[in-house]
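Thanks for coming. Please pull up the structure and keep it in view while I talk.

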Amino acid sequence: MKIVKTLGQFIIEKQADFPYAKGELSRLLRDIGIAAKIVNREVNKAGLADILGEAGTTNIQGEGQKKLDVYANEQFISALKHGGECCIVASEENDEYIPIESDVSIDAKYIVAMDPLDGSSNIDVNVAVGTIFSIYRRKSTNGKATIDDVLQNGNEQVAAGYVIYGSSTMLVYTTGKGVNGFTLDPSIGEFCLSHPDMKIPKDGTIYSINEGYYSHFPDGVKKYIKYCQVEDKKTNRPYTSRYIGSMVADIHRNLIKGGIFIYPVTAGAANGKLRLVYECNPMAFIIEQAGGLASNGYQRILELDVKELHQRSAIFIGSENMVKKAEEMMACFSPQVTKK
Ligand code: P6P
């Protein structure tokens with residue numbers, strides 16, 4: 001009989017990894033797990049309930065908000081508000097950060113930055129979507145936490161994770177001591193440890209990029225794509241192209257099988273499309289903890305200066321040797337122009 005370890009049991013077991021923590025981070029991760037189960041229930045019946053289609057509002061990116069991403073945002077904010085461990089929530093769906101001021105959050109010391117439902121444009125066509133979260137400890141030691149507590153470099157994260165609502169629902173997270181994956185067992189309503197100590201293969205044969213923008217890519221990216229497509233048995237090329245259009249799903253596949261995901265700068269997105277604070281930084285933390293690499297083509301994602309909440313970045317993330325090859329092409333054909 002296989003011993004089932006739930007997310008809650010695992011978190012408590014790993015509590016010892018944080019000698020100074022008094023259980024707050026553990027409780028925060030538990031709160032996120034609870035919200036993920038609630039969102040999962042609605043995602044799984046999105047086609048039935050009246051939560052498909054546009055909510056009529058738009059987020060700061062000017063993107064139409066589908067009802068499910070508004071619902072997911074509300075669920076995560078509510079769980080974090082009532083959990084008492086979080087003093088600020090920053091969300092893709094909200095222009096400004098949300099201070100959590102409630103009796104239970106008086107001495108809360110954690111900041112949560114999240115994309116509550118990434119890839120939501122895929123909801124109506126039943127393609128995997130995901131939640132991405134990033135957790136920081138507040139820097140300020142007294143008074144109310146401010147935006148400065150949110151705008152921390154990625155290497156200051158204390159935890160990061162994602163939920164993928166796919167053929168099964170999984171929660172994958174790291175606290176800086178490796179990456180572990182939990183699959184939701186609907187029959188008991190628990191996330192159960194299914195992928196202990198996840199490691200991304202050093203090499204892979206999957207490249208993931210929206211080639212529709214090829215003509216707008218930097219020359220280094222064009223050269224890397226051609227490198228992926230050239231026949232060379234010794235290096236298992238041509239690689240396979242896979243692009244789901246949902247960052248969590250594309251990166252999760254590469255974490256398991258090996259591969260590289262690239263969203264570079266393009267003519268239409270001079271700083272890239274994906275957001276540094278609640279997409280690139282958490283995914284970079286996870287992939288580095290699993291033995292992979294994540295950069296903007298030149299610098300480690302986790303070392304990039306964070307200046308604005310909805311700041312965008314290019315991202316090259318995945319198997320170590322594939323990211324290194326892509327960075328070589330960038331250095332050679334699209335050398336970084338340092339701003340004077
Ligand atoms: P494009 C989804 O909208 C998202 O934010 C990511 O999940 C995904 O990787 C990317 O945008 C897809 O963007 O321009 O290829 O449609």
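**Sheets and the helices on them**

Let me start with helix H3. H3 lies across strand E3 (86-91), E4, strand E5 (110-118), strand E6 (129-137) and strand E7 (159-165). Its direction runs at about 160° to E5.

Before going further, a word on what we are looking at. This is a predicted model. Mean pLDDT for the chain is 91. Of its residues, 93% reach 70 or more. The ipTM is 0.98 and the pTM is 0.94. The usual caution holds: where pLDDT is low, the predicted coordinates should not be read in detail.

Back to the sheet under H3. What is the order of the strands in this open sheet of 8? Read across, it goes E4-E3-E5-E6-E7-E8-E9-E10. The pairing is mixed. At the edges sit strand E4 (98-99) and strand E10 (190-195), each paired on one side only.

Look at the E10 edge. Strand E9 (residues 179-185) pairs with E10 in the antiparallel sense, over 5 bridges. Within that pairing, Asp 185 stands opposite Glu 190 in E10.

A second helix, H6, also packs on this sheet. H6 touches E5, E6, E7, strand E8 (169-174) and E10. Its direction makes about 105° with that of E7.

Now the other sheet. It is open, with 5 strands in the order E12-E11-E13-E15-E14. Again the pairing is mixed. Strand E12 (240-241) and strand E14 (293-295) are the edge strands, and each pairs on one side only. At the E14 edge, E14 and strand E15 (residues 315-318) pair in the antiparallel sense over 3 bridges. Ser 295 has its bridge partner in E15, namely Phe 316.

Which strands does H5 touch as it packs on this sheet? They are strand E11 (206-208), strand E13 (260-263) and E15. The direction of H5 makes about 150° with that of E11. H6 comes in here too: helix H6 (residues 247-257) lies across E11, E13 and E15. H6 runs at about 165° to E11. So please note H6 in both places: touching E5 to E8 and E10 in the 8-strand sheet, and lying across E11, E13 and E15.

**Helix pairs**

Next, helix against helix. Two packed helices are described by the angle between their axes and the distance between the axes. I have three pairs to show.

First pair: helix H2 (residues 24-43) with helix H3 (residues 67-83). Their axes come within 9 Å and cross at roughly 155°. The cut-off is over 145 degrees, so H2 is roughly antiparallel to H3. The crossing of H2 and H3 is right-handed. On the H2 side, the contact includes Leu 28, Ile 32, Ala 35, Ala 36 and Val 39. On the H3 side, it includes Leu 68, Tyr 71, Ala 72, Phe 76 and Leu 80. By class, the H2 and H3 contact counts 13 nonpolar, 2 polar and 4 charged residues.

Second pair: H5 and H8. The axes of helix H5 (residues 219-229) and helix H8 (residues 320-333) come within 7 Å. They cross at roughly 135°. That makes H5 oblique to H8. This crossing, too, is right-handed. From H5, Asp 219, Gly 220, Val 221, Lys 223, Tyr 224 and Tyr 227 take part. They meet Met 322, Lys 325, Ala 326, Met 329, Met 330 and Phe 333 of H8. The split for H5 with H8 is 8 nonpolar, 1 polar and 3 charged.

Third pair: H6 and H7. The axes of H6 and helix H7 (residues 276-289) come within 12 Å, crossing at roughly 10°. H6 and H7 are therefore roughly parallel to each other. Met 247, Val 248, Ile 251 and Leu 255 in H6 meet Glu 279, Cys 280, Met 283 and Ile 287 in H7. Those residues divide into 7 nonpolar, no polar and 1 charged.

**Two backbone points**

Most residues other than glycine have a negative phi, and most peptide bonds are trans. Here are two cases to check on screen.

Where is the cis peptide bond? A cis bond joins Arg 237 and Pro 238, with omega about 10°. Pro 238 lies in the loop between H5 and E12.

The other case is Asn 126. Its phi is near 65°, a positive value in a residue other than glycine. Asn 126 is in the loop between E5 and E6.

How values were computed. Residues are numbered from 1 along each chain as its sequence is written. This is a predicted model: local features need pLDDT of at least 70, side-chain atom pairs count only at pLDDT 80 or more; totals for chains, interfaces and linings use all residues. Side-chain values use heavy atoms; hydrogens and water are left out. Axes are lines fitted to C-alpha atoms, for helices over the stretch in contact, and angles run from 0 to 180 degrees between N-to-C directions. Helices (H or I, at least four residues) and strands (E, at least two) are DSSP runs, numbered from the N terminus. Angles under 35 degrees count as roughly parallel, over 145 as roughly antiparallel, 65 to 115 as roughly perpendicular and the rest as oblique. A crossing is left-handed if the near helix is turned anticlockwise from the far one by less than a right angle, and right-handed if clockwise. Contact means heavy atoms within 4.5 Å. Ala, Val, Leu, Ile, Met, Phe, Trp, Tyr, Cys and Pro count as nonpolar, Asp, Glu, Lys and Arg as charged, and the others, Gly among them, as polar. pLDDT is the predictor's confidence in each residue, from 0 to 100. Two strands pair if DSSP finds at least two bridges between them.
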